[in-house]
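Student: I am new to this structure. Could we go through it piece by piece?

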Amino acid sequence: MNINRPCGTFDRTYFQAKELYRTPLRKTLLALLIVGMYLLPFVTGDYGISILTLICAFTIGMLGLQIITGYCGQISIGHAAFMGVGMYTVGILQRHFGLSFWVCLPLAGLVPMFIGMMFGLPALRMKGLYLAFATLAAHFVIVYVISNWRSVTNGTDGMWMKRPDVLFGIDFKSDRNYYLLVLTITIIMTYLATNLARSKLGRSFVAVRDNDIAAEVMGINIAYTKIMAFGIGCFFAGIAGALGGAYYEYVNVEWFGLDDSIWYLGFLVVGGFGSIFGAIAGATVWKVMDEFSTLVTPLTETLLGGVAFYASAAFSLIFYSLIIIVFLVFEPRGIAHRWEIVKRSYRLHPFPY
Amino acid sequence: MAEITRDITKKREQRYSYGLTLLRECIEKKRPLSNPNNKETEAKTLLRAEDISIAFGKLQALNHVKVEVKEGEILAIIGPNGAGKTCLLNVISGFYRAQSGEVFLEDKRITHSSSHRIAELGLCRTFQNIALYTGLSVIDNIIAGRHPHIKYNFVTGMIYFPFANQEEARQRAIAEDIIDFLELEHVRGSVVGMLAYGLRKRVEMGRALALEPRILLLDEPMAGMNLDEKEDMARFIIDINEFLKIPIVLIEHDMGVVMDIADRIVVLDFGNKIAEGPPEEIKSNPKVISAYLGAG
Amino acid sequence: MEETIKSIVLGLCSGGIYALLAVSYVVIYKSTRVFPFSQAAVLIIGAYIMWYCLIPWHLPIWLGFIITCIGGAILGVIVERAFMRPLVGQPILAPIVVTLCLMLFFRGIGILMGKGDIQGFGESFLPVGAWKVGFLHLPKIQVYGFILCAVLIAALMLFYEKTRTGLGMRVVHEDHVVAQNLGINVKRIFQYSWVISCIIAVVAGMLLGNIQGVGLALDANGLIAIAAVLFGGLESFAGAIIAGLAIGILQMLTIAHIAPLLPGETTMMVPFVFLLLILFIKPYGLFGLVRIERL
């Protein structure tokens, strides 16, 4: 008995059985949600648009990490670094080769994908934590290369990026139009990620995560699967970086430190592993927390006696890590699991199960 | 294609008593199955493991063991605990690397191939301590077993409509076929981690079947089951052997089952093969009796 | 040539501290199979506690040392009890994310404790100056630090070999279930591992704070020690010690020979390039154990 379907919904074909949004009600709600997200910027001000754009960009990055860690079970501590590679790819291509943003965007995904596969290759042959160490090393090497290759990357001064050129008469200089573009790309990437999760490769990811020895004996090439997971995840990270960087029209190597990679992992845990909704929830929680901490930090400064210019740095470090640890201890499967429980209790009301 | 879009209610009326029809069609596309009425098909050797030796440190797990599996037979491997039976299966399926010896499947050398290549060639096995994908449901486990035979690449998979969609529905039909055969319909949606041990063993067998096996290696499929479940399992094994025309290698401790369904028996003891032959011979072989069966 | 020998000898001295840090990682990894990234930041806390004892509170050195060690022990108990114990049944990802977040948490606490500045110890609490041996200049701080590290590691090895608790810990290193069936309290062993590791880490932090200044940059040493752990093998003490010394030598050689060639701050990058090379060439490390899996 599948409790996620309302009473009286029977599947007569296998196509129906596989559908994600089975009933007409769900399809309508999905359509309304998407339309609502498109209409949102007309309601909120500029501040709201900036938050929404960043939530969308980070959602793409979080989806990438969900593919690597949530679906395939490989721990990657360098995700922010690959986002940075994506950002800098666009910056370099725009500055040195004058390419338009539309050409740079797929490259911003492919370059981190190949660099990631290069760093991950030795570790993906082996079982255990080795990918975590390899990505940690990758992070430091990438930051070093970007900071010191002055001729190409302008070093630690950062690079200017340009927004996309005019397309179909829409000018992306305005934040609202840019948000609509980012939203469209986010919806496309979410669609791709959802389909990946239920396709052959996605199943092999989960198989490798659950029992990689058995997966190998059952015909799944684990090395290929792990490398594909890592590559596709880094592709998503690169695209996220490119979109985020183009929003600010500036990119600096200091924006993606080891802290950010760890927050990626941490907020993925808060959102929930192994589901697309979890990735979206994690990215949303992260950005909302960011805004919250920006608002709250002046209060802590006065609490600590006014001298506390360091309070903002310490605040995010302490506050976020406590949130993540509390979630891990009390609800290790994250917000997505809680949401499933809410849906289930609504469906099964008044019975407990 | 037609089977997939047809209403399932009609499908039930046309079911064979065995089930496994779609799976058999898939296998038949690749190689013709021999005529069931022709008793004179000579028994060709399908799997040959010659001179296998493997040692873990000082412990000699297998010592120059030679095993042959002929077409269409049920071969049982028996022996006391620690005799090296699972080890032999692991070497054949490419999980362990033997120090000496060769394995041939249909005269193709598979000795040092990686496990997934061997699985693609049709050598499928189940595990003694069940190794299912614990996060997935039963139906997903079986579809995951179809992995080498699903033909679309990841880009098509990400775009999904229309190619991957059709392919997924087709694979679902084949998996449902297997579920019908193994009588797992009532648990098809449950996550595997929640199931009882006997059901998990059946899902394991279903996953091995989903790989379109050329030969099936079963590692203690009846461990921990009562008489009812053992009879069910024996029925499944015989059905698979007769309907899909594949040989089955069986590691088993229950002598009643072994003597009943096996065509030939191989006896291992501390890594050495001490006897081989049909069940009547083995029952009366003095070496086997002293090592394993016990007098009387 | 002289430069190289100087670098190697200095590298050995500073390698002692890396060896100590590597041992602190291996202690926890061997017992609990969780890699404790958080120990990199415990350094910061250890340095700040010692700083607080010496400078604002003007305590004598030996008292400061004892208080720091006690602080480290309490930290170990709290971390294991509050953060690690509830996660016992969960897949490997959960404790790893917790240790990573703890690393950042300790950094945050370090910022609060130190009010964001890098403090100096004022006067180093170990004798300053250097000995001259031939053409070598051996700074006394480094040598005393090396001796302290060697003493601590030797004490730890004796603890493992000679005491009953050490024997219990060695059983837990092998297999948790077997240890439980033998009546060993595995949870308490986890606690001991964390306490030992934190004490070692705070002592290392103290020494490093003396040499490099007490500040947030100390956890870079912790991260470099991760490369050492991988080089030596994740489950081997001998490997950790040898690899720590090797990484120390590598750092000094980098400063002497490679840094002039490459722009920027190479001391963080080179050990990690080394780590990637290790992963390519000898992924399980010098003395690492390859586990044979049974199905």
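Tutor: Yes. Keep in mind that this is a predicted model. A good place to begin is strand β1 of chain B, residues 45-56, which eight bridges join to β2(B).

Student: How do β1 and β2 of chain B run, and which residue in β2(B) is the bridge partner of B:Arg48?

Tutor: Strand β1 of chain B and β2(B) run antiparallel. One bridge can be named by its residues: B:Arg48 has its partner in β2(B). That partner is B:Glu68.

Student: Which strands are at the edges of the open sheet in chain B?

Tutor: Four strands of chain B form the open sheet, with antiparallel pairing, in the order β2-β1-β4-β5. An edge strand here pairs on one side only. The edge strands of chain B are β2 (59-70) and β5 (108-109).

Student: Is B:Arg117 buried, exposed or partly exposed, and why?

Tutor: B:Arg117 is found in helix α5 of chain B. Being buried takes 20 or more other C-beta atoms within 10 Å, and being exposed takes 12 or fewer. Because B:Arg117 has 14 other C-beta atoms within 10 Å, the term for B:Arg117 is partly exposed.

Student: How many Å apart in space are B:Arg117 and B:Ser93, C-alpha to C-alpha?

Tutor: Along the sequence, B:Arg117 and B:Ser93 are 24 residues apart. In space, C-alpha to C-alpha, the distance between B:Arg117 and B:Ser93 is 9.7 Å.

Student: Which residues of chain A does C:Val97 touch?

Tutor: C:Val97 belongs to the largest nonpolar core, which has 303 residues, and is one of the six that touch the most other members. Residues up to four places away in sequence are not counted among its contacts. In chain A, C:Val97 touches A:Leu265, A:Gly266, A:Val269, A:Ile324 and A:Leu328.

Student: Which helix gives the largest share of the side of chain C that touches chain A?

Tutor: The contact takes 37 residues from chain C and 38 residues from chain A. On the side of chain C, α4 (93-114), α9 (219-232) and α11 (269-281) each supply at least two residues. The largest share, 15 residues, comes from α4(C).

Student: How many nonpolar residues are on the side of chain B that touches chain A?

Tutor: Here the contact takes 40 residues from chain B and 28 residues from chain A. The largest share of the side of chain B, six residues, comes from α8(B). By class, that side has seven charged and 11 polar residues, and its nonpolar residues number 22.

Definitions and conventions. Residues numbered from 1 in each chain as written. Chains lettered and ligands numbered in written order. Predicted model: local features only at pLDDT ≥ 70, side-chain atom pairs only at ≥ 80, totals over all residues. Pairing = 2+ DSSP bridges. Core = buried A, V, L, I, M, F, W, Y, C linked by C-beta atoms within 7 Å. Contact = placed C-beta atoms within 7 Å. Nonpolar A, V, L, I, M, F, W, Y, C, P; charged D, E, K, R; others polar.
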